[in-house]
Amino acid sequence: MNLKLISVAAALAVSAAVAQEATATAPAQEPAAEAPAQEASTEAAAQETATDAAPAESTEAAAPESAPAAATLVEEVPAAAASSELAVESVTDTAKANFDVLRTRAYNAVGNQAAAATIADNLAKPHEMHGSKLVYLEPSLEYAALSFGEKNTYFLSFQNTTGNYGLVSAGFATAAFGVEIYGAVGKTWTLRDEPNRDYSSTSVAAGDVIGAIYSMPLGGLDLTVEASWLTTASEISSEATAKRTDDFARYEHDYWDVLARASVSNTPTQDKLISWAAGLTFTRHNLTEYTVEDEEETLRATLDSRIQIEPFFNFGLQVLKSNNARVFLGMNTNVPMAIYDEIANKDNYVRKSHLSLCILTQPNILAELALNDNWMVFGGAAYVWNVFATEYLYEGDSDINTFAMKSNTVNVDAGVRFQYKNFALEAAVNNSFFNNPLAGFNGTSIIANFGGFVNF
């Protein structure tokens, strides 16, 4: 037996065992570094024994096999890290837009309940004006607002009424409540002293209105109460008294609406899945004429005079969302129920009973997209759907019942917002602009609405 060959084989066996133990216990990077050293010792042993090279070659083939596996493991770790970095970058490549800022009246023409608040929304709930320091101007529809104050907030707003009379609102808001009064005056008083009679008259123009709003936070809800008196058509009342005979004549027109409304909502809605508002409106729609002549009194009421009770419920929710865009779906529903005045003459009833009930709903969509920090576009669509309507009246000698359903036309608008530092501008157009883009030059509005803020 060759002692030299035995010693070489023993050395190879010991080195292979040490290499396997190092591979099992050392970090993944170390076997890759030790492989060249093992190859060098094997080659040196092979040179010493020229008589039998086959055992050395089989041992060399087993030792380097662990090196490629370790190298593969080392290369996979940087690849996985690079992949996760790309995934993070793809999610955060667009900065998150701040949509929930105060908006102009050009925004949310469809009335989606979940959308950001407009200046008109906050004025309708005066406690929401607390903390606002701004001026708002809207030349397209002649509307303006101003709010100021440190601990408490004071605010004013100006706009036109139906009869083109200026409506002035003034209010006061704290963190606990807000109150607002508003009014537009269109009255004329005339007194005339004639030789044979005394005469006086009062005329009130359409759009003459006075009202008040109170609102407050109520736990996680908002409570709003409003009352108003509005003259719906020009009316004249007069009295005349003859000095010699004491004959008296009086004529009085009463064309007005008395309104009372209470509502509850869950705004602010940034953290809520569904935004909603519910309430009840009571209206007395009065179109009557009262006459006194020769001690004979006559009361005439038009066919439209009525008492109306109208529950309403609005809701909206966000259905699509990304860092720079979002879409809302909503529905506004109201259920007007009316009891009309009885109409009679000296001989019989013209109309003895008249009742009506209607369910109106307005599905709506509102979408907005932030192009960058300064530019944002938005648009909406809505239509009024008369889900069900019924009416009953006894007129003359006939019982009349009617039922109806109707889908009205769709209204779509689109707009743009520009904001920079402490000011913002918004403008919106509707389908009338696309039907006739030159309409603005003949007295109508080429832009449906345009307004802007300066914030302090």
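The exercises below, each with a worked solution, concern a predicted model of one protein chain.

**Exercise 1. Describe the protein chain as a whole: how many helices and strands does it have, and what percentage of its residues count as buried?**

Begin with the secondary structure, where the protein chain shows six helices and 22 strands. Next take burial: of the 456 residues in the protein chain, 32% count as buried. Then turn to the surface, of which the protein chain exposes about 26500 Å², with carbon and sulfur atoms supplying 61% of that area. Finally, look at the contacts between residues at least 6 apart in sequence, since 57% of these join residues at least 24 apart.

**Exercise 2. Find where pLDDT stays under 50, and state the mean pLDDT of the protein chain.**

The mean pLDDT of the protein chain is 80, and 73% of its residues reach 70 or more. Over residues 1-92, however, pLDDT stays under 50, and for this stretch the model has 27 contacts beyond four places in sequence. Residues 438-446 also stay under 50, and here the model has six contacts beyond four places in sequence.

**Exercise 3. Which residues make up the largest nonpolar core, and with which residues is Ala382 in contact once its neighbours within four places in sequence are left aside?**

First list the members of the largest nonpolar core, which has 11 residues in all: Ala106, Tyr107, Val110, Ala114, Ala115, Ala116, Phe328, Leu366, Phe378, Ala382 and Ala428. Then take Ala382 from that list and set aside its neighbours within four places in sequence; the residues in contact with Ala382 are Val110, Gln362, Pro363, Asn364, Thr409, Val410 and Asn411. Apart from this core lies another, of 10 residues, including Tyr143, Ala145, Phe155 and Ala173.

**Exercise 4. Two residues that are not glycine, Glu142 and Lys421, have a positive phi; in which loops are they found, and are they buried or exposed?**

As background, most residues other than glycine have a negative phi. Glu142 has a positive phi of about 50°, and its place is the loop between strand 1 (134-138) and strand 2 (143-148). With a relative accessible area of 52%, Glu142 lies over the 50% cut-off and therefore counts as exposed. Lys421 has a positive phi of about 55°, and is found in the loop between strand 20 (398-420) and strand 21 (423-430). The relative accessible area of Lys421 is 73%, so this residue too is exposed.

**Exercise 5. Compile a description of Thr174 and another of Leu393, covering position, burial and contacts.**

Thr174 lies in the loop between strand 4 (166-173) and strand 5 (178-184). Its relative accessibility is 12%, which is under the 20% cut-off, so Thr174 counts as buried. A polar atom of the Thr174 side chain lies 3.1 Å from the backbone nitrogen of Ala176, while beyond four places in sequence Thr174 is in contact with His127, His130 and Asn152.

Leu393 belongs to strand 19 (residues 375-395), and it is buried, with a relative accessible area of 10%. Leaving aside its neighbours within four places in sequence, Leu393 is in contact with Arg351, Ser353, His354, Ser398, Asp399 and Ile400. Leu393 and Tyr340 are 53 residues apart in sequence, and their C-alpha atoms are 9.3 Å apart in space.

**Exercise 6. How many salt bridges does the structure hold, and which parts of the chain does the pair Arg250 and Glu239 tie together?**

The structure holds 19 salt bridges. In one of them the side chains of Arg250 and Glu239 meet, at 3.8 Å from N to O. Arg250 lies in strand 11 (residues 248-265) and Glu239 in strand 10 (residues 235-242), so the pair ties together parts that are 11 residues apart in sequence. Arg250 is partly exposed, at 28% relative accessible area, and Glu239 is partly exposed as well, at 33%. The side chain of Arg250 also meets that of Glu252 in a salt bridge of 2.6 Å, N to O, and Glu252 counts as buried at 18% relative accessibility.

**Exercise 7. Where in the chain do Asp341 and Arg284 lie, and which residues are linked in a network of salt bridges?**

The side chains of Asp341 and Arg284 meet in a salt bridge of 2.9 Å, N to O. This pair links distant parts of the chain, 57 residues apart, with Asp341 in the loop between strand 16 (337-340) and strand 17 (343-344) and Arg284 in strand 12 (residues 274-293). Both Asp341 and Arg284 are buried. The network of salt bridges links Asp100, Arg103, Arg326, Glu368, Arg417 and Glu426.

Methods
Residues are numbered from 1 along each chain as its sequence is written. Side-chain values use heavy atoms; hydrogens and water are left out. Helices (H or I, at least four residues) and strands (E, at least two) are DSSP runs, numbered from the N terminus. Buried means under 20% relative accessible area, exposed over 50%, partly exposed in between (1.4 Å probe, protein chains only). Contact means heavy atoms within 4.5 Å. Accessible areas come from the Shrake-Rupley method with a 1.4 Å probe; for residues, only the protein chains shown count as cover. A nonpolar core is a set of buried Ala, Val, Leu, Ile, Met, Phe, Trp, Tyr and Cys residues joined through side-chain atoms within 4.5 Å. pLDDT is the predictor's confidence in each residue, from 0 to 100. A polar contact is a pair of N or O atoms within 3.5 Å; within protein, one must be able to donate a hydrogen and the other to accept it, and residues adjacent in sequence count only if both atoms are side-chain atoms. A salt bridge is a side-chain nitrogen of Lys or Arg within 4 Å of a carboxyl oxygen of Asp or Glu.
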